[in-house]
Amino acid sequence: MSEKVEIKAYTAPAGGWGSMKGLSQTIRSQRAGPETIAEWARQNKPDGFMCVSCAWGKPAHPTVAEFCENGGKATAWEITRFRTTPAFFQKHRVGDLLSWSDHDLEQAGRLTHPMRYDAGSDRYLAVSWEEAFAEIGAKLKTCDPKKVIAYASGRASLETSYMWALFARLHGHQNLPDSSNMCHETTSVGLRSCIGSPVGTIHFTDYEKCDAIFYFGQNPGVNSPRFLRPLAECHQRGVDIVVFNPLKERGLERFTDPQSPVEMLTGKSTPIASQYHQVKAGGDIAALLGMIKHVVHLDDRAHESGAPAVIDHGFIGQHTRGFDAVAQHAREADWAAIEHESGLTRDALESAAAIYARAKAVICVYGMGLTQHVHGITNLQMLVNFMLLRGNVGKPGAGFGPVRGHSNVQGQRTVGITEKTELVPVEQLKKQFGFDPPTDEGWDTVGACEALVKREVQAFVALGGNFARAIPDHRLTEPAWADVDLTVHIATKLNRSHLLTGRTCYLLPCLGRIELDRQKTGSQTVTMEDSFSRIYGSRGRVEPAADTLLSEPAIIAGIARATLPPNPKVPWEEWVADYSLVRDAIETTYPDQFARFNERLHVPGGFWKGVPAAHRQWTTPSGRAEFNVPKVMNSTGFEDQVGRMRLVTLRSNDQFNTTIYGYDDRFRGIKGTRQVALMNRLDLVEMGLRDGETVHLVGDHGDNADARVEGLRVVAYDIPRGCVGGYYPECNPLIPVAHHAEESHVPAAKSVPVRVERAA
């Protein structure tokens, strides 16, 4: 927290001079030099590097500045001039560092040397790479592989991810939790069950062809600001953009393009949302049901009068199954129940449905506001129901556009980071590498947390990320790390996970994506997959933060060679020397998605790996797209009770996931603190609370009733009644491990049962 806290409504648009000021503050805070400006010019360009922040695509024809405020911050944050050296750890004991904030830990700078935790002095001490690999390998050899976790952050490249997944399976397990488990696994499970494809179906160019966008639970101004320009261009050509989100987010209201001289000089901004519906947290099922009900009503009326059909019955008859049951369910649904559960009026939902009914090509955009609920799968099924009504899948300008967070979280799943055997080409791996891959399902994020709490985990090896901070219920999970025999972290910067040490703990510093990766055959290229299922090459050119750093592939290979018996079919050293050989192996394992991988590495705009549903090829058991009747009316997974609130965890515009760049949330008018609880004014009056008062949030779930986040400042805010907003990851202690999406196991962080308690 900064010394001065200021809460004041922000009236400016997203983008504009506010973004420029935000970037300038980051430049100063990181003491960034000319190299940062030079790298911004290469960011997301065909011959440059893929942003280390979100998974928005690299266009074939980029603008002059093809980066956003948060992407620019991420670049400056990675190539900072600050360093966390062995001298830093001599000065600071781990116990003392545990009191540091997330921001201050990473602000210390880039890690420079491999370190081993020494319990006697409570400090990290420098070791050689050879010593680190030897002991890690020796420890892993003594572990039951089924009790080893290999976690992966969503930033790792395709080459790194492939090696990581292969190492885990060669070791004998599929305990491969990753960022997808925390965010978008509901998409992978829900879309796969409905349309046979677990990812979005649209191309970037579909935004040039749609005439309506329906937007659910995603905040582009914070999480994917480069999306704002396409949204503004859509509005300018008359596209209706209908938004469903509990909070009014500035990026979905209006936008000033920093690359437009006219807008910057005149202060002009482009409106984004044609309609903005502040749905209650967990109320999307009811909102979608209300719109489906109205579309079915319009179609019934058209049929009775002999007018043209509103619903695409030809598409439904040829391509889908289950429509009649969903249509009848919608007809019988009670408007009073729909209004109560959604928090929206019938008029509002019918007005939104009317836009859908007349649109010829609709894109549906969504984010974690839809996926991170107990009944998140039902959210996705209702979204599919809605889109199938008018055949808005597999045609130009129409389809699903889930917006991913981490820059390669989707690609990691493509190349094998999954706990599910059915998603892995087991027979091909067996043939290719001469071993019997494990076939029992591994631990996902929730499974890993449960095993951790039960003290079943023997080793935890992390490829980036801040797992301990990102997961739920820190009250139970944080003490458990001390009972893990071995913890290993491959990282660029220090974070809280590194301070929750196992009995033996190593901290292994790696190159960042923006840095030169020099190997025996020369400078290397890595690859990523974006939210549009397109694959890109990415090449760093900044000098490494230290000459003691190794690349992620080199670190994986070092651990693998020390752990596994020799296998002539797995040439770890050759792969490290030449990443193109890893890409050859990926192509062999996944020939349909990665044909001619190395040849297509630098195709402008990336090459498309292919999505069957985009061609109306439904790889479901029935061979058709599936309608599903909802079994519940809201997605929270808990009952309303007097005093119970629905907590929505949020990101500020000064953070990316667990990385906190600063303490200003410009768009929400909050400066100098992250310890806030956003509440509706009427709820404050009812509870006898005042704006600015201090409260505690208390868990209100059977498994988490004694969890607390204390010392939050109440902020009267435009949020639906019965809901409270608080920052992630600060509010993660309030999320029980058991409070997760059914089937997909994503922590249900967008509707958490809590109570508000006045501070004494």
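## Buried asparagine, open sheet and enclosed space

Asparagine 70 is found in helix 3, which covers residues 69-78, in what is a predicted model. With a relative accessibility of 2%, asparagine 70 counts as buried, because that value is under the 20% cut-off used for this class. When its neighbours within four places in sequence are set aside, the contacts of asparagine 70 are Ser53, Val222, Pro225, Asn653, Gln655 and Tyr661.

### The six-stranded sheet

Six strands form an open sheet in the order 6-5-18-17-16-7, and the pairing within this sheet is mixed. Strand 6 (123-126) and strand 7 (148-152) stand at the edges with a single partner strand each, so that one side of each is left without a neighbour in the sheet. From one strand to the next, the twist averages 20 degrees. As background, the strands of a sheet pair through backbone hydrogen bonds, in either a parallel or an antiparallel sense.

Both senses of pairing can be followed here through individual strand pairs. Strand 5 and strand 6 run antiparallel and are joined by four bridges, with arginine 116 having leucine 125 of strand 6 as its bridge partner. These two strands, strand 5 and strand 6, form a hairpin with four residues between them, and in the turn aspartate 122 has a positive phi of about 55 degrees. Strand 16 (residues 459-463) and strand 17 (residues 486-491), by contrast, pair in the parallel sense over five bridges, and here phenylalanine 460 has threonine 487 of strand 17 as its bridge partner.

Two helices can be placed against these strands. Helix 8 (residues 158-171) packs on the sheet and touches strand 7, strand 16 and strand 17, while its direction makes about 170 degrees with that of strand 7. Helix 7 (residues 129-142) lies across strand 5 (115-118), strand 7, strand 16, strand 17 and strand 18 (504-509), and it runs at about 135 degrees to strand 18.

### The pocket and the cavities

The largest pocket has a volume of about 710 Å³. Of the 26 residues lining the largest pocket, Arg192, Pro198, Arg413, Leu423 and Gln593 are the closest to its centre. Helix 10 (185-195) and helix 21 (409-414) are the elements that give two or more residues to this lining, and the largest share, five residues, comes from helix 10.

The structure also holds six cavities of 30 Å³ or more. The second largest cavity encloses about 500 Å³ of space, and its lining is made up of 35 residues, of which Gly217, Asn223, Met368, Gly369 and Lys750 lie nearest its centre. At least two residues of the lining of the second largest cavity are supplied by each of helix 9 (179-182), helix 19 (368-371) and strand 25 (645-650), and strand 25 gives the most, with three residues.

The table sets out the lining of each space by residue class.

| Space | Nonpolar | Polar | Charged |
|---|---|---|---|
| Largest pocket | nine residues | 10 residues | seven residues |
| Second largest cavity | 12 residues | 16 residues | seven residues |

How values were computed. Residues numbered from 1 in each chain as written. Predicted model: local features only at pLDDT ≥ 70, side-chain atom pairs only at ≥ 80, totals over all residues. Heavy atoms only, no water. 1 Å grid on protein atoms, 1.4 Å probe; cavity = no way out; pocket = protein on both sides within 12 Å on 5 of 7 lines; lining within 4 Å. Points joined across faces, edges and corners; volume = space filled by probe spheres on them. Nonpolar A, V, L, I, M, F, W, Y, C, P; charged D, E, K, R; others polar. Pairing = 2+ DSSP bridges. Axes fitted to C-alpha atoms, helices over the stretch in contact; angles between N-to-C directions. Contact = heavy atoms within 4.5 Å. Buried < 20%, exposed > 50% of the residue type's maximum accessible area, 1.4 Å probe, protein only.
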